[in-house]
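Got your viewer ready? Load the model, pick a cartoon view with side chains hidden, and we'll walk through it one selection at a time.

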Amino acid sequence: MLICNKKNALRLIISTTLFSVPLMTYATDHHDDHDGHDHSEHSEHSEHRQHDAHVHGVVETNIAQDGEHLLFEITAPGSDVVGFEHAPKNKEQEQEQEQLLEQAIAKLKTPNAIFSLPKSANCEISDIHVSHNMKNEDNHDHHDDDSHHEEHQGEHGEFTAQYEYHCETMSELNQIETQWFSVFSHTQKMTVQYLGDSGQKAATLTAKKAALAL
C-alpha cells in the first residue's frame, strides 16, 4: 500500500506540476510540430495532452523524483511503437499485427534496455506498467464500414509505459540516457520533462542527442 501511495503521489506531481507550468524548451519545440496552432489545449484537460502526443514520430516522457523514488511516464503514438495504428483488414494482417503488438509490449516491459541511469546511483526497477489502446476495434465486425474505420483511425492508438525505480544514491543521478531510438526506430524525437531535487528541466532528445543532463 505504501508503494502504491508513493507512486500515486509521484503521478500527482507529474500531472499538477509538469503540465501546469509551460517549459520553454518543450513549448518552442511543440510549436514547430503544430505549425502555429493554438496551444491553450495543454492546460484544459489531460485528453488534450494525449492528443498532442499523437504527433507521429514524437514521444513524451515525464520524470518525477521524490526522495529515493524515480517515476517515468512515457506516452508514445502507436505507429511509433508497432508501425501501425489501424485495425487489420484481414486475418493475415491481424496475425501479423498481433505478433508486432506482443513484441512491442515485451520491449516496453524491459526499461533497462530503454533507459540508462548512472551505475553509481544504484537504481533498481521496482514497478513496471504498460498499457495501450491499439486493439479497440479487434472485437467488432466493422472493418468493412469505412466511416467507422476512419473514425477510429482519427483517434490514434497509443502506448503508455510507467517505470518506477528505487535509487539508493540519488545524488549520483546526474543524467538519464535513452536507447528508445534504437529500440523504436520510427520515433524522431522525445520530449522530456523532469522534476526533482535538481530542479525542473525540459529537453528534446533525438538519436544523436539522447541524454538529459540533470
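The tour starts with the whole chain, then moves to the main sheet, the core, the rings and a few small strands.

**Before you click**

This is a predicted model: local features need pLDDT of at least 70 and side-chain atom pairs count only at pLDDT 80 or more, while totals for chains, interfaces and linings use all residues. Residues are numbered from 1 along each chain as its sequence is written, and side-chain values use heavy atoms, with hydrogens and water left out.

**Stop 1: the whole chain**

Colour by secondary structure and you get 7 helices and 9 strands. These are DSSP runs, numbered from the N terminus: helices are H or I with at least four residues, strands are E with at least two. Of the 214 residues, 42% count as buried; buried means under 20% relative accessible area, exposed over 50%, and partly exposed in between, using a 1.4 Å probe and protein chains only.

The protein exposes about 11,500 Å², with carbon and sulfur atoms supplying 47% of that (Shrake-Rupley method, 1.4 Å probe; for residues, only the protein chains shown count as cover). Among contacts with a separation of 6 or more, 71% are between residues 24 or more positions apart. A contact here means heavy atoms within 4.5 Å.

**Stop 2: the six-stranded sheet**

Now select β4, β5, β2, β1, β7 and β8: in that order they make an open sheet of 6 strands with mixed pairing. Two strands pair if DSSP finds at least two bridges between them. Which strands stand at the edges? They are β4 (123–132) and β8 (199–205); each has a single partner strand, so one side of each has no neighbour in the sheet. On average, neighbouring strands are turned by 15° against each other, direction ignored. Axes are lines fitted to C-alpha atoms, for helices over the stretch in contact, and angles run from 0 to 180 degrees between N-to-C directions.

Add helix α5 (residues 91–108), which packs on this sheet and touches β4 and β5; its direction makes about 25° with that of β5.

Next, zoom in on β7 (residues 189–196) and β8, which run antiparallel and are joined by 7 bridges. A hairpin of 2 residues connects them. Show Tyr-194 and you'll find Lys-201 opposite, in β8; for Met-190, the bridge partner in β8 is Leu-205.

**Stop 3: the core**

Turn on side chains for Phe-72, Leu-108 and Trp-180. Within the 36 residues of the largest nonpolar core, these three touch the most other members. Strand β5 (residues 158–167) gives this core its largest share, 5 residues. A nonpolar core is a set of buried Ala, Val, Leu, Ile, Met, Phe, Trp, Tyr and Cys residues joined through side-chain atoms within 4.5 Å.

Centre on Trp-180. Leaving out neighbours within four places in sequence, its contacts are Val-59, Ile-74, Ala-76, Val-81, Leu-108, Ile-114, Thr-187 and Met-190.

**Stop 4: the rings**

The whole structure has 4 aromatic pairs. Rings of Phe, Tyr and Trp (its six-membered ring) pair if their centres lie within 6.5 Å; planes under 30 degrees apart count as stacked, over 60 as edge-to-face and the rest as tilted. Select Phe-115 and Tyr-163: they form an edge-to-face pair, 6.4 Å centre to centre with 70° between the planes. Phe-115 is in strand β3 (residues 115–116) and Tyr-163 is in β5, 48 residues apart. Buried or exposed? Phe-115 is buried at 4% relative accessible area, and Tyr-163 is buried at 0%. Bring in Phe-72 and Tyr-165 as well, and ring pairs link these four into a cluster.

**Stop 5: the small strands**

Stay on Phe-115 and look across to Thr-178 in β6, which stands opposite. β3 and β6 pair antiparallel over 2 bridges. Along β6 (residues 175–178), Ile-176 and Thr-178 point to one face and are buried, while Gln-175 and Glu-177 point to the other and are not.

β6 also pairs antiparallel with β9, over 3 bridges. There, Glu-177 stands opposite Ala-211. Ala-211 is partly exposed at 28% relative accessibility, and its C-alpha atom is 6.3 Å from that of Thr-178.

**Last stop: a loop**

Finish at Asn-122, in the loop between β3 and β4. Its phi is near 55°, a positive value in a residue other than glycine, and Asn-122 is partly exposed at 36% relative accessible area.
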